[in-house]
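Please look over the points below with the structure open. They cover rings, one acidic residue and one helix.

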Amino acid sequence: MNRIAAAIALPLCVVVALPVGARAEEACGDPEKALGVSRIVEIDTTTGPLFGEFTKYEKEPRFLGPKEVVLTFDDGPMPRYTKPILDALDEFCTKATFFYVGQMAVAYPDMVKEVMGRGHTVGTHTWSHPLNLRRRGLNSAKDQIERGIAAVELAAGEPIAPFFRFPGLSDSGPMLAYLQGRGIAAFTVDVVSNDSYISSPSRLTTRTLQRVEQQNGGIVLFHDIKKSTAKALPAILKGLKVRGFKVVHLRNKNVVAPLPQLTEALKAKQEKKTAKSTDAEGKPELKPFYAAIATNTLEADDSEPSVTVIAPEARERVKGGASSADLNPPTASEESTPSKKSTSSKRRSRRNKVRASSASKQIEPVGSLSSAVSGRF
Ligand SMILES: [Zn+2]
């Protein structure tokens with residue numbers, strides 16, 4: 001063991017040797033107000049499952065029980081808001097899933113590392129967050145999905161979860177079939193906080209808690225690029241605790257392998273940038289020291305919440321299945337050429353949009369699905 005490894009291992013042993021109660025108290029500050037993690041759901045994404053209410057496609061049965069929530073944050077990272085959000089989650093000793101945009105991750109790689117180091121799960125949300133992916137054509141959509149994965153994985157410096165969320169929740173059969181072929185799980189949502197529109201933290205708190213209660217829990221959507229979210233989160237977490245809600249933490253059983261040519265292209269771009277800025281700054285990149293501590297300590301903890309492993313069976317999302325061409329990763333020549341298939345999928349999605357918004361009236365009184373499909377998330 002070298003000197004650095006020994007230095008890391010020593011404090012780890014001390015932490016693990018503490019009684020569970022003392023550690024929880026230390027980690028969570030005040031156990032009375034700690035929301036904690038009641039259960040871990042570990043997802044095997046091999047079959048490309050689809051979770052959440054806001055989709056018209058055939059999805060997996062709800063894996064959450066009554067009064068269980070999953071906290072999710074999209075669009076970041078953005079340090080000025082991601083950091084206080086992480087602090088609030090730590091204060092309440094709870095965990096979340098972050099769906100990150102490739103361009104943001106590349107801009108703030110240390111923030112991605114910190115999110116993962118603090119024990120949260122990181123999935124992806126495309127490369128540049130196009131407002132309606134299905135309008136762009138399948139090849140462009142595939143490129144957005146893949147470039148996002150390559151960028152977030154590169155920023156993380158370690159494998160990430162094969163978890164994906166469509167911007168604006170605008171999924172489509174061919175795109176879902178592509179994700180299935182890649183063994184990636186797609187997540188929609190059950191509860192929309194509407195933090196994209198509400199700038200008052202107190203209004204956001206009240207509305208989010210109301211919606212969570214109306215739906216009796218579910219997958220909750222926030223954004224870690226919003227000031228109101230960062231400000232409201234402590235009150236929202238407190239409100240969830242007071243109302244008896246439990247947080248379920250999602251974890252990935254497997255990882256996603258980015259397309260090597262996209263990773264190489266991003267690395268080459270980064271190297272070019274670094275070569276330009278090294279003379280001026282020349283600082284080595286700092287990695288958060290607590291990465292190893294947070295994950296290893298949790299793994300070894302007897303008080304670790306119970307783990308439910310989900311390995312959903314394969315499902316057909318589009319009748320007749322997707323053509324093998326749909327399942328191929330994008331090639332450089334395909335990237336910007338919308339195919340005939342994409343035109344028909346556009347027509348199909350327009351039809352689906354009408355069906356989806358009428359279905360949403362029964363499921364979701366808030367009208368959030370219609371906001372979602374118009375590309376606001
Ligand atoms: Zn988004």
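1. Start with the charges over rings. The charged end of Lys67 sits over the ring of Phe245, at 4.6 Å from the ring centre. A second case is Lys56, whose charged end sits over the ring of Tyr57, 3.8 Å from its centre. Keep in mind that this is a predicted model.

2. Now the aromatic pairs. The structure holds eight of them. Phe51 and Phe63 form one, with 5.3 Å centre to centre and 85 degrees between the planes. Their pair is edge-to-face, because the angle is over 60 degrees. Phe51 belongs to strand S2 (residues 50-51), while Phe63 is in the loop between S2 and S3. The pair therefore ties together parts that are 12 residues apart in sequence.

3. Are these two rings buried or exposed? Phe51 is buried, at a relative accessible area of 2%. Phe63 has 14% relative accessibility, so Phe63 also counts as buried, the cut-off being under 20%.

4. A further pair is Phe98 with Tyr100. The ring centres are 5.7 Å apart and the planes stand at 45 degrees, so this pair is tilted. Phe98 and Tyr100 are both buried.

5. Which residues make up the aromatic cluster with Phe51 and Phe63? Phe99, Phe163 and Phe187 join them in one cluster.

6. Phe99 also appears in the surroundings of Asp74. Asp74 is found in strand S3 (residues 68-74). Asp74 has a relative accessible area of 1%, so it is buried. Its side chain makes a polar contact with the side chain of Arg165, at 2.7 Å. Leaving aside neighbours within four places in sequence, Asp74 is in contact with Phe99, His125, Arg165, Leu221, Phe222, His223 and Asp224.

7. Next, helix H8 (residues 201-215). What span should its 15 residues have at 1.5 Å a residue? The expected value is 21 Å, and the end C-alpha atoms are 21 Å apart, which agrees. The count of steps is one less than the number of residues, which is why 15 residues give that value.

8. Burial along H8 deserves a look on the model. The buried residues are Leu204, Thr205, Arg207, Thr208, Leu209, Arg211, Val212 and Gln215. An α-helix has 3.6 residues a turn, so residues three or four places apart point the same way. Among the buried residues of H8 are two arginines, Arg207 and Arg211.

9. Last, the exit from the helix. Asn216 follows H8. Its phi is positive, near 55 degrees.

Notes
Residues are numbered from 1 along each chain as its sequence is written. This is a predicted model: local features need pLDDT of at least 70, side-chain atom pairs count only at pLDDT 80 or more; totals for chains, interfaces and linings use all residues. Side-chain values use heavy atoms; hydrogens and water are left out. Helices (H or I, at least four residues) and strands (E, at least two) are DSSP runs, numbered from the N terminus. Buried means under 20% relative accessible area, exposed over 50%, partly exposed in between (1.4 Å probe, protein chains only). A polar contact is a pair of N or O atoms within 3.5 Å; within protein, one must be able to donate a hydrogen and the other to accept it, and residues adjacent in sequence count only if both atoms are side-chain atoms. Contact means heavy atoms within 4.5 Å. Rings of Phe, Tyr and Trp (its six-membered ring) pair if their centres lie within 6.5 Å; planes under 30 degrees apart count as stacked, over 60 as edge-to-face and the rest as tilted. A charge sits over a ring if NZ of Lys or CZ of Arg is within 6 Å of the ring centre and within 35 degrees of the ring normal.
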